[in-house]
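Visitor: I would like to learn how to read a structure feature by feature. Where should we begin?

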Amino acid sequence: MPKIYVTRKIPDIGLSILREKGFELDISPKDRPLTKRELIKALKKKPYDGVLCLLTDMIDGEVFDAAPRAKVFANYAGGYNNIDVAEAKKRGITITNTPGALTEAVAEHTIALMLSLARRIPESDQYVRRGKFKGWGPELFLGEELSRKTLGILGAGRIGSRVGEIASKGLGMKIIYYDIKQSNEFERTCGATFRATPEETLTEADVVSVHVPLLPTTTHLLNAERLRLMKKTAYLINTSRGPVVDETALVDALRNSVIRGAALDVFEHEPRLAKGLAKLQNVILTPHTASATHAARDGMARLVAENLIAFFEGKIPPNMVS
């Protein structure tokens, strides 16, 4: 009977699947991310065979040392930048994640942010709630139509490709994209056009949507220099990982009208925001909820359970990272 430590409660459907298979689960009673010290202390209490962790858990050599018997860390997240994968590989520890289940949710949230920016929906909502609406006006909250505008996608993986498909087929946008490799399938699906560099994408796009994983090469992919390449009328959307955007540089760009607006679901030093960001009226902020739908979170819970079950049955987990 495998003993698994769960660093924070996830949807019941995943936990039920594991229990039905005979797994013994110890779930952290704290409904918040554990500090590294708390996590290490918890892992030392029992000889755990595996760990079900979340994207808010920083998993490194010290954490691996605290659970020497655990040979699998199943990440309840689409990414795995919170885990030292190279160290895990050295120790023969399997790492899994839960991609795919959150694609539709994140793509829809991205489109929602895009539309909210272009049509100034948060501003309009607050205007009405504060009693300022006195009647229709011909120039009241003028926004932009996205039809026939150019969407530049940085990262054409599952989510980026789905965003492009919705924007192309649903909104009539022209799609250009940058990725480390060209995608013939993406181009066939929605007529997307490849750009060889991020710079080419940024200078041409009316809206830039970021969908790259967090790597050393993508940290501050959107820095002050690249933000200045964007059109003054352009919008930036980030639903990938916070450090992909230099948040301080973005505050300056928004404050000085280098770009028209931005929408962020993730933050560089989450949950802290860069100084001045929350005071800006031309930015929309959501609390890392792009994948927060019942379907997506339940789907992730199923996947993380399937990964653990496969590992302990001696099979290759369906979503093995290393």
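Guide: Begin with one contact. This is a predicted model. In it, the side chains of Glu-313 and Lys-21 form a salt bridge, at 3.7 Å from N to O. The contact ties distant parts of the chain together, as its two residues are 292 residues apart. Glu-313 sits in the segment after helix H12 (294-312), and Lys-21 in the loop between helix H1 (12-20) and E2.

Visitor: Is Lys-21 buried or exposed?

Guide: Look at relative accessible area: under 20% is buried, over 50% is exposed, and anything in between is partly exposed. Lys-21 has 52% relative accessibility, so Lys-21 counts as exposed. Glu-313 has 41%, so Glu-313 is partly exposed.

Visitor: How many salt bridges does the structure hold?

Guide: The structure holds 25 salt bridges. One of them joins the side chains of Asp-125 and Arg-129, at 2.7 Å from N to O.

Visitor: Why are Asp-125 and Arg-129 separated by about one helical turn?

Guide: Because they are four residues apart in helix H6 (residues 121-129), about one helical turn lies between them. Now add the accessibility. Asp-125 is partly exposed, at 31%. Arg-129 is exposed, at 64%.

Visitor: Which residue forms a salt bridge with Glu-204?

Guide: Arg-195 does, and the closest N and O atoms are 2.9 Å apart. Arg-195 has 15% relative accessibility, so Arg-195 counts as buried. Glu-204 is partly exposed, with a relative accessible area of 24%. Elsewhere, salt bridges that share partners join Asp-65, Glu-87, Lys-90 and Arg-91 into one network.

Visitor: Next, charges outside such bridges. Which residues gather in a patch of positive charge on the surface?

Guide: A patch takes residues with over 30% relative accessible area and no salt bridge, and joins like charges within 9 Å. Here Lys-30, Arg-37, Lys-41 and Lys-45 gather in a positive patch on the surface. Take Lys-30 as the example. Lys-30 lies in the loop between strand E2 (24-27) and helix H2 (36-43). Its relative accessibility is 36%, so Lys-30 counts as partly exposed.

Visitor: Now the strands. What is the order of strands in the open sheet?

Guide: Read the sheet from one edge to the other. The open sheet has seven strands, in the order E8-E7-E6-E9-E10-E11-E12, and the pairing is parallel. Its edge strands are strand E8 (193-194) and strand E12 (283-285), each paired on one side only.

Visitor: How many bridges join E7 to E8?

Guide: Two bridges join strand E7 (residues 174-178) to E8, and these strands run parallel. Tyr-177 stands opposite Phe-194 in E8. Go on to another pair. Strand E10 (residues 235-238) is joined to E11 by four bridges, again in parallel. Leu-236 has Ala-262 in E11 as its bridge partner.

Visitor: Which residues of E11 point one way, and which the other?

Guide: Gly-261 and Ala-263 point one way from strand E11 (residues 261-264). Ala-262 and Leu-264 point the other way, and all are buried.

Visitor: Where is the place of Glu-268?

Guide: Glu-268 is in the loop between E11 and E12. A loop residue still needs its accessibility checked. At 17% relative accessibility, Glu-268 counts as buried. You can also compare separation along the chain with separation in space. Glu-268 and Asp-31 are 237 residues apart along the chain, and their C-alpha atoms are separated by 22 Å.

Terms used: Residues are numbered from 1 along each chain as its sequence is written. This is a predicted model: local features need pLDDT of at least 70, side-chain atom pairs count only at pLDDT 80 or more; totals for chains, interfaces and linings use all residues. Side-chain values use heavy atoms; hydrogens and water are left out. Patches are made of residues with over 30% relative accessible area and no salt bridge: like charges are joined within 9 Å, nonpolar side chains (Val, Leu, Ile, Met, Phe, Trp, Tyr) within 5 Å. Accessible areas come from the Shrake-Rupley method with a 1.4 Å probe; for residues, only the protein chains shown count as cover. A salt bridge is a side-chain nitrogen of Lys or Arg within 4 Å of a carboxyl oxygen of Asp or Glu. Lys and Arg count as positive and Asp and Glu as negative; His and the chain ends are not counted. The place of a charge is taken as NZ of Lys, CZ of Arg, CG of Asp or CD of Glu. Buried means under 20% relative accessible area, exposed over 50%, partly exposed in between (1.4 Å probe, protein chains only). Two strands pair if DSSP finds at least two bridges between them.
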